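Hi,

Here is the structure I promised to pass along. Please have a look at it first, and my notes on what turned up follow below.

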Amino acid sequence: MEISKEQLAEILLAAKLINERNLEKAKELAESFGKSLEETLISKNYVTEDKLSQAIADYFKVPVAPIKKQLIPLEILEMIPEAAARSHEVIPFGKEKRTLKVAMTDPKDFETVEFIKKKTDLKVEVYYIRPETLRNLLGQYKRNIKREFAKIIEENISKTKGKISDELTKVAEELPVIKVLDTIMQYAIAEKASDIHLENAEDKIIIRFRVDGVLRDIITLPKEISSALVARVKILSNLKIDEHRQPQDGRFKYTQDNSDISIRVSVIP
């Protein structure tokens with residue numbers, strides 16, 4: 001759980017990182033823009049991210065987690081299940097002998113520390129991490145989606161086969177097609193793709209991701225689900241499902257990890 005505004009204000013003033021006048025200004029800006037006080041302080045240059053993190057860590061008498069963009073080994077990540085990591089705002093990032101290193105937004109959350117000890121049967125070494133940094137690192141749990149990607153796709157595709165065309169709108173709003181598209185989206189985000197291509201071939205539909213400027217083939221799907229998958233994208237983008245001759249452009253938002261990702265859609269006959 002993130003520290004409160006009052007607690008943060010106390011830490012900042014005690015560390016002499018900000019005066020009361022600027023603190024009040026930052027609070028007003030945070031409220032007017034609907035952002036956290038931490039985000040506002042950093043974005044408006046009242047305090048640097050490093051100094052803020054160090055002040056909070058000093059207050060809790062723990063080190064700052066030495067991770068920002070570090071790739072955490074999956075065997076370490078999996079010591080705390082993703083659901084627990086998200087709900088308790090904690091992430092494991094290292095292990096030395098019988099000690100597990102964890103980064104937490106609230107280092108005084110002793111219940112979570114005890115949960116981890118029982119879960120892993122290890123000693124726990126606690127570090128402080130900013131909420132925004134934690135949210136970015138939690139995305140690394142999606143790296144293991146590749147293990148399940150083909151299985152999820154296959155299971156849900158089998159449920160869409162044999163549907164007739166006049167049921168297209170209904171099929172596009174049913175769970176199997178939704179699950180297929182969601183899985184594609186989640187995997188694309190985990191791979192940091194900038195583009196997703198759904199391309200019709202003669203006997204299949206090809207899914208391609210553009211990563212670091214390079215278009216890569218990811219998976220091929222049966223031709224039978226092409227119409228339902230495209231219809232699902234059109235529904236999300238408020239486009240005409242029955243328009244097949246003219247190009248269409250639209251947009252929709254996809255939510256993952258409490259963040260909205262803006263998707264631009266282009267449908268080309």
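**Around isoleucine 91**

Not counting neighbours within four places in sequence, isoleucine 91 is in contact with Ile67, Ile72, Leu77, Lys101, Val102, Ala103, Leu134, Leu137 and Leu138. Do keep in mind that this is a predicted model.

Where does that residue belong? Ile91 is part of the largest nonpolar core, which has 27 residues, and together with Ile67 and Val102 it ranks among those with the most contacts inside that core. Two or more residues each come from α5 (74-77), α6 (82-88), β1 (90-96), β2 (99-104), α7 (110-120), β3 (123-128) and α8 (131-138). Of these, β2 gives the largest share, four residues. There is also a second, separate core, with 23 residues, including Ala228, Leu229, Ile263 and Val267.

**The sheet and its helices**

How are the three strands ordered? They form an open sheet, β1-β2-β3, with mixed pairing. β1 and β3 are the edge strands, each pairing on one side only, and the twist from one strand to the next averages 30 degrees.

β2 and β3 run parallel and are joined by six bridges. In β3, tyrosine 128 is the residue that stands opposite methionine 104.

Two helices meet this sheet. α7 lies across β1, β2 and β3 and runs at about 145 degrees to β2. α8 also packs on the sheet, where it touches β1 and β3, and its direction makes about 75 degrees with that of β1.

Happy to talk it through whenever suits you.

Best wishes

Conventions
Residues are numbered from 1 along each chain as its sequence is written. This is a predicted model: local features need pLDDT of at least 70, side-chain atom pairs count only at pLDDT 80 or more; totals for chains, interfaces and linings use all residues. Side-chain values use heavy atoms; hydrogens and water are left out. A nonpolar core is a set of buried Ala, Val, Leu, Ile, Met, Phe, Trp, Tyr and Cys residues joined through side-chain atoms within 4.5 Å. Buried means under 20% relative accessible area, exposed over 50%, partly exposed in between (1.4 Å probe, protein chains only). Contact means heavy atoms within 4.5 Å. Two strands pair if DSSP finds at least two bridges between them. Axes are lines fitted to C-alpha atoms, for helices over the stretch in contact, and angles run from 0 to 180 degrees between N-to-C directions.
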